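Trainee: Could you take me through one part of this model closely, and then show me how it ties in with its surroundings? I would like the reasoning as well as the numbers.

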Amino acid sequence: IAVLVISVSAGSAALPLAASRQWAGKWRFSALAPIAVLILWVAIIVLGRLQSADSHQLWPFEIFTWAMLNMIYMVAVMTIKRVLDKADQEKSLSN
């Protein structure tokens, strides 16, 4: 199960990385935000495991939770970006 969970999580991490390559400015930062959260959370898990072997025993599911929340976040950001870009495009065409 852990291998499946980590594989899905890695696939989920590919979406913000791909978006950050295509987007510029503040949109790039919004795409990289989930990766920053992931790095922070992995650091917390590693430090917790170093302090006590009993902590974060279900760490693959913690990472999987990040992956699912990341997907929701990225869909929301992509939708907002698309709506705003479309509105900007319509505004520029009407001028």
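Mentor: Gladly, and let's start with tryptophan 27: its relative accessibility is 17%, so it counts as buried, the cut-off being under 20%. Keep in mind as we go that this is a predicted model. Tryptophan 23 also counts as buried, because its relative accessibility is 11%. These two residues belong together for another reason, their rings. A pair of aromatic rings is described by the distance of the centres and the angle of the planes. The count of aromatic pairs here comes to one. In that pair, the ring centres of tryptophan 23 and tryptophan 27 are 6.3 Å apart and their planes stand at 75°, so the arrangement is edge-to-face, a label for angles over 60 degrees.

What touches this pair from further along the chain? Leaving out residues up to four places away in sequence, lysine 81 touches both Trp23 and Trp27. Lysine 81 sits in helix H3, and with a relative accessibility of 15% this lysine counts as buried.

That brings us to H3 itself, which runs over residues 59-94. Its 36 residues should span 52 Å at 1.5 Å a residue, and the C-alpha atoms at its ends are 52 Å apart, so the expectation and the model agree. Along H3, the buried residues are Pro60, Ile63, Trp66, Ala67, Asn70, Met74, Val77 and Lys81. They pack against two helices, H1 (2-22) and H2 (26-51).

Take H2 as the partner. The axes of H2 and H3 come within 10 Å and cross at roughly 170°. That angle is over 145 degrees, so H2 is roughly antiparallel to H3. From H2, the residues making this contact include Trp27, Ser30, Ala31, Pro34, Leu38, Trp41 and Ile45. From H3, they include Trp59, Ile63, Trp66, Tyr73, Val77, Lys81 and Leu84. Trp27 and Lys81 are thus part of the contact between the two helices.

The loop between H2 and H3 holds histidine 56, which you may want to check on a backbone plot. Histidine 56 has a positive phi of about 55° although it is not a glycine. Its relative accessible area is 22%, so histidine 56 is partly exposed.

Isoleucine 63, in helix H3, is a good place to see how the other helices come in. At 8% relative accessibility, isoleucine 63 counts as buried. Setting aside residues up to four places away in sequence, isoleucine 63 touches Ile6, Ser9, Leu38, Trp41, Val42 and Ile45. Alanine 10 lies 53 residues from isoleucine 63 in sequence, yet their C-alpha atoms are 9.4 Å apart in space.

Finally, H1. This helix has 21 residues and reaches 31 Å from its first C-alpha to its last, close to the 30 Å expected at 1.5 Å a residue. The buried residues of H1 are Val5, Ser9, Ser12, Ala13, Pro16, Ala19 and Ser20. They cover an arc of only 115° around the axis, which puts them on the same side of H1. These buried residues pack against H2 and H3, while the face turned away from them carries the exposed residues Val3, Leu4, Arg21 and Gln22.

Technical notes. Residues numbered from 1 in each chain as written. Predicted model: local features only at pLDDT ≥ 70, side-chain atom pairs only at ≥ 80, totals over all residues. Heavy atoms only, no water. Helix = DSSP H or I, 4+ residues; strand = E, 2+ residues; numbered from the N terminus. Expected span 1.5 Å × (residues − 1). Buried < 20%, exposed > 50% of the residue type's maximum accessible area, 1.4 Å probe, protein only. Contact = heavy atoms within 4.5 Å. Phe/Tyr/Trp six-rings, centres within 6.5 Å; stacked < 30°, edge-to-face > 60°. Arc of directions from axis to C-beta. Axes fitted to C-alpha atoms, helices over the stretch in contact; angles between N-to-C directions. Parallel < 35°, antiparallel > 145°, perpendicular 65-115°, else oblique.
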